[in-house]
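Reader: I would like to go through this model with its author and ask, for each term used, what justifies it. Please set the values against the cut-offs as we go.

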Amino acid sequence: EGRYEISGIVYGVNQQGKSVAFMLSRSAYYLPAGLHTKSLQLDKAIIKQSGLQAPYTVKSVQLLDQSRLALLQQL
C-alpha cells in the first residue's frame, strides 16, 4: 500500500521526420496492496501546441514509490 508515480518522456515527429522530446509526463496514484493497471496521463493541449506529429512514443519510463522515495522500475 502506498503512493506511486509513473513518469515518462513523450516524443513526437517533426517535419524533417526526426523524433523530438517535448513533454515530461507524470501521474501519481494511491494504491492498496495487489495488482493494478494504471495509465500515464498525457496533456493533449501540450501535444497539440508542440506542432509535432504522430507516431508519439514514450521513453525513459519510471515507476517510483513516493511513500518510500524509491525507484522501483525503469525502462
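Reader: With which side chain does the side chain of E5 make a polar contact of 2.8 Å, and what makes it a polar contact?

Author: The partner is the side chain of Q66. This is a predicted model, and in it the distance is 2.8 Å; the term asks for a pair of N or O atoms within 3.5 Å, one able to donate a hydrogen and the other to accept it, so the pair of E5 and Q66 qualifies as a polar contact. The side chains of E5 and R26 are likewise joined by a polar contact, here of 3.3 Å, and that value also lies within 3.5 Å.

Reader: Why is E5 called buried?

Author: The relative accessible area of E5 is 11%, and buried means under 20%, so the word applies to E5. E5 lies in strand β1, and, leaving aside residues up to four places away in sequence, E5 touches R26, S27, A28, Q62, L63, L64 and Q66.

Reader: What makes β1 largely enclosed by the rest of the structure?

Author: Of the 12 residues of β1, 10 are buried, and therefore the strand is described as largely enclosed. For the protein of 75 residues, the share that counts as buried is 24%.

Reader: How do you know that β1 and β2 pair, and in which sense?

Author: Pairing requires at least two bridges, and β1 and β2 have 12 of them, in the antiparallel sense, so the requirement is met. Y4, for example, stands opposite Y29 in β2. The two strands form a hairpin with five residues between them, and G17 in the turn has a positive phi of about 85°.

Reader: How many bridges join β1 to β3, and which residues are bridge partners there?

Author: Eight bridges join β1, residues 2-13, to β3, residues 53-65, and the two strands run antiparallel. Among the partners in β3 are K59 for I9 and V58 for V10.

Reader: What justifies saying that β3 also pairs with β4?

Author: Four bridges join these strands, which run antiparallel, and the threshold is at least two, so β3 and β4 count as paired. One of the bridges sets L63 against Q73 in β4. Between the strands of this hairpin there are four residues, and L69 takes a positive phi near 55°.

Reader: In what order do the strands form the sheet, and why do β2 and β4 stand at the edges?

Author: The order is β2-β1-β3-β4, in an open sheet with antiparallel pairing. β2 (19-31) and β4 (70-74) each have a single partner strand, so one side of each is left without a neighbour in the sheet. On average, neighbouring strands of the sheet are turned by 25° against each other, direction ignored.

Reader: How does the radius of gyration of the protein stand against that of a compact globule?

Author: A compact globule of 75 residues would have a radius of gyration near 11 Å, whereas the protein has 14 Å. Along the principal axes, the C-alpha trace spans about 45 × 20 × 20 Å.

Reader: Where is confidence lowest, and where is it highest?

Author: The lowest mean is that of β4, at 75, and the highest is that of helix α1 (residues 44-50), at 96. The protein averages a pLDDT of 92, with 100% of the residues scoring at least 70. Where pLDDT is low, the predicted coordinates should not be read in detail.

Key: Residues are numbered from 1 along each chain as its sequence is written. This is a predicted model: local features need pLDDT of at least 70, side-chain atom pairs count only at pLDDT 80 or more; totals for chains, interfaces and linings use all residues. Side-chain values use heavy atoms; hydrogens and water are left out. Axes are lines fitted to C-alpha atoms, for helices over the stretch in contact, and angles run from 0 to 180 degrees between N-to-C directions. Buried means under 20% relative accessible area, exposed over 50%, partly exposed in between (1.4 Å probe, protein chains only). Contact means heavy atoms within 4.5 Å. pLDDT is the predictor's confidence in each residue, from 0 to 100. The radius of gyration is taken over C-alpha atoms; the globule rule is 2.2 Å times the number of residues to the power 0.38.
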